[in-house]
Amino acid sequence: MISLREDGKSLSEIVGKYLGEKPLMLMRVFLVLLLILLSAVFAVGPAGLLKMLTGFNVTILLLGILAYYFLATLLPIDKIIGRFYPIFGICFILMALGIMGGMLFNESAAMPEMQLANLHPKGDEMPIYPLMFITVACGAISGFHATQSPLMSRCLKSEKLARPVFYGAMISEGVIALIWAAAAVTFFHGTDALATEMNAHGAGGVVYQITGGFLGDGIGMILAMIGVVVCPITSGDTALRSARLILSDWFKKPQDKIKNRLMFAMPLILLTGIITQLDFNAVWRYFAWVNQSIATIMLWTGAIYMVQKLEGKAYFAALIPAVCMTAVTTTYILYAPEGLRLPLTISTSVGLICAAICLVQFLRNRNQVGIASASS
């Protein structure tokens, strides 16, 4: 909504306006890094599943996906994305509904008895806090989805369309995430067998088995191809498009000429290709942390925007999750294997302190805004 009311500004420019110059530079770097990581993740996963379905060499499949990324990143949004992606989105939703129906009406599909406990096979080595709040990324809270908002805001003809587009997409994403979480533990009868399958065949293998088991080898595989191959790939190319636009705003290079588009598209594709050769699990964890860190920055930006532009207590809708996610992201990077690997107690304490400091600073700024408004 902020982007919509700021003439389609990208996230970094919005952050710069409401948080200042230093957060602007941090956000630019974080955003480009996130979008490259996401494009790599959403190329490796589909390539692995396509290999299982077709038997083709995974390197050839990756090169094909990267070639498509390059083409879709360069072309105007209405040439490919606007024309075909709504159809893919409908198929993605139908696949999720089909999986849900398979769980409900398949007599052999019974969800195991669950409990409010840490069911990770490694137990206390993988504590729920903060790891779950980073691992479960896009289906709950997502900086990546925020990066796509300026693309959509530039396409909306009226603010009246904002609720079905933005809010509707958020609710749909959450429902789909919950369906797949339930399907995974139901199909594999618990988390132990699910973890074993993930380690053996990766996410692509899990999806392959679940869709085939619940929907059959015919329609199930077709929907799997569209929902878990095509849709991630389409997320990857829109991510690189957003990265190109962020870089163009950063370096003040208009994108109306093809040479200016190539200036940013080519290095973005090259970096994405390099990252696809790294360990998938490590790349995913870094992506997930950067993803949630960007979401945290955008929540603070939203809270400040609402203090300045709206009357009343509406800013609490962004303030409360901003405080929570500040604690989560700080604790994670201090504790996680890919972070500083500090003890959990120390990491949690520092995370809470950082969240408290940010909250105090926000309240001070809020009071200053209130005083300035009263004076005027």
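Seven nonpolar, 1 polar and 1 charged residues line the second largest cavity. This is a predicted model, and that cavity is a good place to enter it.

**The second largest cavity**

The second largest cavity holds about 30 Å³ of space. Its lining consists of A40, V41, V44, I275, T276, L278, D279, F280 and V283. Two elements, α3 and α12, give two or more residues each to this lining. The largest share, 3 residues, comes from α3.

**The largest cavity**

The structure holds 2 cavities of 30 Å³ or more. The largest cavity has a volume of about 80 Å³. Around the largest cavity stand S10, L11, L31, T147, P150, L151, R154, S242, L245 and I246. Here the elements that give two or more residues are α7 (143-153) and α10 (219-251). By class, the lining of the largest cavity divides into 6 nonpolar, 3 polar and 1 charged.

**The second largest pocket**

Next comes an open space. The second largest pocket contains about 580 Å³. It is lined by 22 residues. Nearest its centre lie L19, P23, I297, W300 and C358. Five helices each supply at least two lining residues: α2 (11-19), α3, α12 (280-309), α13 (316-335) and α14 (344-375). Which helix gives the most to this lining? It is α12, with 8 residues. The lining of this pocket has 13 nonpolar, 8 polar and 1 charged residues.

The three spaces can be set side by side.

| Space | Volume | Lining by class |
|---|---|---|
| Second largest pocket | about 580 Å³ | 13 nonpolar, 8 polar, 1 charged |
| Largest cavity | about 80 Å³ | 6 nonpolar, 3 polar, 1 charged |
| Second largest cavity | about 30 Å³ | 7 nonpolar, 1 polar, 1 charged |

**Helix α2 and the residue after it**

Helix α2 is one of the helices that line the second largest pocket. Within α2, the buried residues are L11, S12, I14, V15, G16 and Y18. L11 also belongs to the lining of the largest cavity. Just after α2 sits G20, which takes a positive phi of about 115°.

**Q292 in helix α12**

Helix α12 also carries Q292. Is Q292 buried or exposed? Q292 counts as buried because its relative accessibility is 0%. The side chain of Q292 has a polar partner: it reaches the backbone oxygen of F133 at 3.2 Å. Which residues surround Q292, leaving aside neighbours within four places in sequence? Q292 is in contact with F133, I134, V136, A137, I141, S142, G143, M325 and T329. F133 therefore appears twice for Q292, once as a contact and once through its backbone oxygen, while Q292 itself is buried at 0% relative accessibility.

**The nonpolar core**

The largest nonpolar core has 87 residues. Those with the most contacts inside it are M27, Y69, I99, W180, I210, I294 and F362. Helix α3 (residues 21-54) provides the largest share of this core, 16 residues. Helix α3 also helps to line the second largest pocket and the second largest cavity.

Y69 deserves a closer look. Not counting residues up to four places away in sequence, Y69 touches S39, F42, A43, P232, I233, G236, D237, L240, I269 and T272.

Key
Residues numbered from 1 in each chain as written. Predicted model: local features only at pLDDT ≥ 70, side-chain atom pairs only at ≥ 80, totals over all residues. Heavy atoms only, no water. Core = buried A, V, L, I, M, F, W, Y, C linked by side-chain atoms within 4.5 Å. Buried < 20%, exposed > 50% of the residue type's maximum accessible area, 1.4 Å probe, protein only. Helix = DSSP H or I, 4+ residues; strand = E, 2+ residues; numbered from the N terminus. Contact = heavy atoms within 4.5 Å. 1 Å grid on protein atoms, 1.4 Å probe; cavity = no way out; pocket = protein on both sides within 12 Å on 5 of 7 lines; lining within 4 Å. Points joined across faces, edges and corners; volume = space filled by probe spheres on them. Nonpolar A, V, L, I, M, F, W, Y, C, P; charged D, E, K, R; others polar. Polar contact = N/O pair within 3.5 Å; in protein donor to acceptor, adjacent residues only side chain to side chain.
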